[in-house]
Every structure is written in structure tokens, then in C-alpha cells.
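Colleague: I should like a close look at a single part of this model, with its setting described residue by residue. Please take the part you consider best suited to such an account and treat it in one connected answer.

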Amino acid sequence: MSENTAVNDAVVRVATKTVDSGGVPGVVAGVTTDKETISLTAAGVRSLDDSQPMTTDSVFMIFSTTKALTGTVALQLVESGELDLDAPAKDYAPGLADVQVIDGFDDGGEPILRAPASEPTTKQLLLHTAGFGYDFFNEKYERLAREHGQPSIVTATRKALETPLLFDPGTQWEYGSNMDWVGQVIEGITGKTLGEAMRTRVLEPLGMDDSTFRPTASMQERQATMHQRTDGELAATDFMLPEPEVEMGGHGLFSTVDDYLKFIRMWLNDGAADDGTVVLRPETVDLATQNHLGDLRVKLLPGVIPSLSNDAEFFPGMPKTWGYTFMINEEDAPTGRPAGAAAWAGLANLYYWFDRQNKIGGYWATQIFPFADPESVGGYLEMETAVYDALKG
């Protein structure tokens, strides 16, 4: 049996097992090398409410796995000399000019705000050290939403972007809406919407025809339904990302696993598309996949809104850093993923990794809230482990 056949068999086996055990209603999973997709499989159904099967061209709201695509456009602008990562981000995104830091709430429940010690830079936005958070991972943001009507970031409105910093820029790591502001930086430089800039610079060169902030009628017909797990029971919901006022660089894309594997393959192929088109220079790929957090480390994400997220941390106890713009594990992972590989995830339990050392990467897509669902993330980690076991022979 060839290595590629063994990998494909492993992915099919894990995806089928995860569905057949009742863990998830449906999943699409795939693996690519630097040359080609070697596994792409679908199992189960798109919705528990009907029998329409999950298919390999099913469309997903991919949430925070959008971030790496936005980061790629930003890196292209660095290559062209149009973006200085160390300059104040407000130079490109004027909406950041008056951002303040929230130090807490006074006795009357009003936010205590002050000017930041320094202005956030685009580098800090890419690294999640600028100070922005998410209401589902941070209690101050959750209180702003609950008591002061701050819209959730998933509403994709300009008002949803306008949140205070949680700390002075560059002093902590906090996962949040930073990449949505990188989208604003890109729009300020290019004069185009983020979706248009991403389409011409990344999606079209890679042949990602099913990836967009505004899904076509064909994509809507193929879209998987969101599910909610409550007290262990899954139910289909009518959750849908709204028509965006702001195309959010942190979470707003609709896509397919087949498309995302092309994006992963670009990273495995030192920045080149399948036809040789240079999306990123090799030296930029090297730079992006290094630790840029210094002494800071990626920390546990607390599930502040239980319906949206459980507590989440990949490989607890293992030091993890951040590149441009994904997590990097500093030690070999128990799945077989070596130190220095890149990975991240999306809120509805979508997960990816890519390993430049072994020229392998993969994507696992479900549509389930809350994040870090044990059944879905368990299936993903089992798939990743099975892939490395298959590579060992």
C-alpha cells in the first residue's frame, strides 16, 4: 500500500467512525502534501433535520480559519513595501485613532477607560498582542455586551469592531478581534474591500473558487447547517452569519475543505500556488512560521459564554507561540505533529494544521457550537494522529 493510500484510508476511517459513533452529524476532512490533495472525504449529513448527505463540496462558515488568509494579504503588502508592520495601525485604519484601554468598571458599572501607553501596530494585531478580545473568551467584553449593548463581533457591524483594548499594546497575548482590524488596515492601503483584495491576491491565484464573504446561490445550496450541543445532545439551529457591513478578517469567510487545502498547500510549497504563481515569497513563509511573541505564550481560552465555547487549549502544558498568523507548537505534539508546525481553528469546530518539515497538512470541518466540542476536536486529533501513523508505515 502506498503512503498516500494509507493516509487516505486513515482519514476515511476516522471521519466515518466519528459520525457513526454519533459524535458529529457530518464532517468533511482532507489532507494535502505540498504537491496534491491526497485525501478528501465526507461522512454523515449536512443537518440532523434532514437526510441530505454531507459532500466534499459542502460549504462551511469557517470562522477563525479566515484569519490566516487575511494575514496572507497583509504579508503581501509588507512584501510590496506598502505596509510597515511597526507603524501605528491607525495610519492605515483611522478607526483605531481614538481607541482606549478598559481598566475595569466603576461602582456604577460604567467602563473605566484611559488612553493606551502606546498605539497598537499591525504587527501586534497579527500577533494578538494589540489588546482586543472576544466576548466569548473575556469577561470584560462579555460585561460590555451584557450591560452596555456592545454588539458581538459575529454581527459583522462597524459598531462591533469598536471595543476598547484590554491592556496596553504589546504587553500580553489575548485572542480576539485583532485580525478584523487587520482587514481594516488592508482596506485602507488597497482602497478595496477586504473580500476584493483577498479575491484578487489569494483566492483566485490559488483557485479557491468556493471561498467568499458573500456566498453565491450555489454555495448556499451546499451549505452545512449549524448545530448546537446542549447537555450532550445535538440539535440543528438556524444560525447564519449575517450579510456583513464589515468584511471581517477574523472570521467572515464561507469556504470548502477542498479550497482550504489549496491554501494549506501554498504554505507547504514555500508560498507558490499549484501552477507556480508566487502568492508569498519563500523568505516570507519562513518569517511567518517563526515565533514572533518573544517571551509571551499562547494561553488557555476560557469559555465565558458556554453556548459558544468551552475552555479551550491545544496540548495543555505544552508551550505554544504565534506566527503570522497561526499558533506554533514549540515541542513535538502527541499526535505526531513536530515542533515548529502551524495550526489553528474556527469557532464552529473547524481545525487545521500544516507541517512544513514533513510537507503534510490537513483540515477538519464541522458546524457545531460550542467551540472545543470534545467529539469534534477529538475526531480531528484522532485524524491527525492517524495521518502520522500512516506516514510511519
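Modeller: Two residues are in contact here when heavy atoms of theirs lie within 4.5 Å of each other. The model is a predicted one. By that criterion, and with neighbours within four places in sequence left aside, Val185 is in contact with Leu83, Ala89, Tyr92, Ala93, Thr122 and Leu125. Val185 belongs to helix 6, residues 178–190, and is buried, its relative accessible area being 1%. The part I have chosen is elsewhere, and one distance may serve as the passage to it: from Val185 to Ile38 the C-alpha separation is 36 Å, across 147 residues of sequence.

The chosen part is an open sheet of seven strands, ordered 2-1-13-12-11-10-9 and paired antiparallel. Its edges are strand 2 (37–44) and strand 9, each of which pairs on one side only. On average, and with direction ignored, neighbouring strands are turned by 20° against each other. Helix 11 (residues 374–392) packs on this sheet and touches strand 1, strand 12 and strand 13; the direction of helix 11 makes about 25° with that of strand 12.

Strand 13 merits the closest attention. How many of the six residues of strand 13 are buried? Six of the six residues, 360–365, are buried, so strand 13 is largely enclosed by the rest of the structure. In a regular strand, side chains alternate between the two faces of the sheet. Accordingly, one may list two sets: Ile360, Gly362 and Trp364 point one way from strand 13, Gly361, Tyr363 and Ala365 point the other way, and all are buried.

The pairing of strand 13 can be followed on either hand. Strand 1 (residues 26–33) is antiparallel to strand 13 and joined to it by six bridges, with Val31 having Gly362 as its bridge partner. Strand 12 (residues 350–355) is likewise antiparallel to strand 13, and six bridges join them; here Trp353 has Gly362 as its bridge partner. Strand 12 and strand 13 form a hairpin with four residues between them, and in that turn Lys359 has a positive phi of about 55°.

Ahead of strand 12 comes another backbone feature. Asn349, in the loop between strand 11 and strand 12, has a phi near 65°, a positive value in a residue other than glycine. Most residues other than glycine have a negative phi. Asn349 is also buried, with a relative accessible area of 0%.

Further along the sheet, strand 10 (residues 327–329) and strand 11 (residues 342–346) run antiparallel and are joined by two bridges. Ile328 has Ala342 as its bridge partner in strand 11. The loop between strand 9 and strand 10 holds Thr325, and the peptide bond between Tyr324 and Thr325 is cis, with omega about 10°. A second cis peptide bond, from Phe369 to Pro370, has omega near 0°; Pro370 is in the loop between strand 14 (368–369) and helix 11.

The side-chain packing brings several of these names together. The largest nonpolar core holds 131 residues, of which Phe263, Trp267 and Tyr363 touch the most other members. Helix 9 (residues 257–268) gives the largest share of this core, eight residues. Tyr363 was met above as a buried residue of strand 13. Trp267, with neighbours within four places in sequence left aside, is in contact with residues including Thr72, Leu75, Leu280, Thr289, Tyr324, Phe326, Phe354 and Arg356.

Thr289 supplies a further view of these surroundings. Thr289 is found in the loop between helix 10 (282–288) and strand 9 (320–322). Is Thr289 buried or exposed? At a relative accessible area of 13%, Thr289 is buried, because the cut-off is under 20%. Residues up to four places away in sequence not being counted, Thr289 touches Trp267, Phe326, Ile328, Gly340, Phe354 and Arg356. With Arg356 there is also a polar contact, side chain to side chain, at 3.1 Å. Among these partners, Ile328 is the residue paired with Ala342 in strand 11, and Trp267 is one of the residues that touch the most other members of the core.

Technical notes: Residues are numbered from 1 along each chain as its sequence is written. This is a predicted model: local features need pLDDT of at least 70, side-chain atom pairs count only at pLDDT 80 or more; totals for chains, interfaces and linings use all residues. Side-chain values use heavy atoms; hydrogens and water are left out. Buried means under 20% relative accessible area, exposed over 50%, partly exposed in between (1.4 Å probe, protein chains only). A polar contact is a pair of N or O atoms within 3.5 Å; within protein, one must be able to donate a hydrogen and the other to accept it, and residues adjacent in sequence count only if both atoms are side-chain atoms. Two strands pair if DSSP finds at least two bridges between them. A nonpolar core is a set of buried Ala, Val, Leu, Ile, Met, Phe, Trp, Tyr and Cys residues joined through side-chain atoms within 4.5 Å. Axes are lines fitted to C-alpha atoms, for helices over the stretch in contact, and angles run from 0 to 180 degrees between N-to-C directions.
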